[in-house]
Amino acid sequence: MNKEIPKITEAELEIMKVLWSKSPQTANEIIESLEPKMDWKPKTIRTLINRLAQKEAVSYHQEDGRMYEYYPLVSQERFLQVETKSLLRHFYGTSLKPLLVNFLKEEKLSPEDINELKQILDEKSEENQRKDRRK
């Protein structure tokens, strides 16, 4: 899935979280989920749902000929991946090394964490070597 994901606002993200937790859901179900935690009118929530549909972040199908059921077209994992990269680029430019060095110096890591990080770095190193051989 190399397609660009649409820009999702903070408010729209609340709708996405509801749909990521359970989908499909009707607009009324989404409204019921958000009412206890957000001070939004149902019309506002419906507007946000429609914006997400226009952006192709969510889609819908009609249930029983009348109720639309909405579901996400963007996975939570993909959204987090893109947003994390954007955040890192914003704070660290194109280099991840300063971030990783800071994190590793400050964070308490278990032996399991250290082994997992070593494995990831080894895999990355092998991947880079394969790319170099192809050149």
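Which residues lie nearest the centre of the largest pocket? In this predicted model, they are Leu96, Leu100, Leu117, Ile120 and Leu121, which belong to a lining of 16 residues.

**View 1. Lining of the largest pocket.** The close-up shows the largest pocket, whose volume is about 580 Å³. Two or more lining residues come from each of the helices α4 (76–92), α5 (97–106) and α6 (111–134). The greatest contribution is that of α6, which supplies six residues. By residue class, the lining of the largest pocket comprises 11 nonpolar, two polar and three charged residues.

**View 2. The aromatic pair of Trp20 and Phe79.** Four aromatic pairs are found in a search of the whole structure. In one of them, the ring centres of Trp20 and Phe79 are 5.6 Å apart. Their planes stand at 45°, and the pair is therefore classed as tilted, the class for angles that are neither under 30 degrees nor over 60. The pair joins distant parts of the chain, since Trp20 lies in helix α1 (residues 10–21) and Phe79 in helix α4, 59 residues apart. Trp20 has a relative accessible area of 17% and is buried, because the limit for this class is under 20%. Phe79 is likewise buried, with a relative accessible area of 6%.

**View 3. Surroundings of Phe79 in helix α4.** This view is centred on Phe79, a residue of helix α4. When residues up to four places away in sequence are left aside, Phe79 touches Ile5, Ile8, Leu13, Trp20 and Val74. Trp20, one of these contacts, is also the ring partner of Phe79 in the tilted pair. Lys7 and Phe79 are separated by 72 residues in sequence, yet their C-alpha atoms are 9.6 Å apart in space.

**View 4. The aromatic cluster of Tyr60, Tyr68 and Tyr70.** These three tyrosines, Tyr60, Tyr68 and Tyr70, make up one aromatic cluster. A pair of aromatic rings is described by two quantities, the distance of the centres and the angle of the planes. For Tyr68 and Tyr70, the centres are 6.5 Å apart and the planes are at 55°, so this pair is tilted. Are the two partners buried or exposed, or do they fall in between? Tyr68 is partly exposed, with a relative accessible area of 36%, whereas Tyr70, at 7% relative accessibility, counts as buried. The value for Tyr70 falls in the buried class because that class is defined as under 20%, while partly exposed residues lie between this limit and 50%.

Key: Residues numbered from 1 in each chain as written. Predicted model: local features only at pLDDT ≥ 70, side-chain atom pairs only at ≥ 80, totals over all residues. Heavy atoms only, no water. 1 Å grid on protein atoms, 1.4 Å probe; cavity = no way out; pocket = protein on both sides within 12 Å on 5 of 7 lines; lining within 4 Å. Points joined across faces, edges and corners; volume = space filled by probe spheres on them. Helix = DSSP H or I, 4+ residues; strand = E, 2+ residues; numbered from the N terminus. Nonpolar A, V, L, I, M, F, W, Y, C, P; charged D, E, K, R; others polar. Phe/Tyr/Trp six-rings, centres within 6.5 Å; stacked < 30°, edge-to-face > 60°. Buried < 20%, exposed > 50% of the residue type's maximum accessible area, 1.4 Å probe, protein only. Contact = heavy atoms within 4.5 Å.
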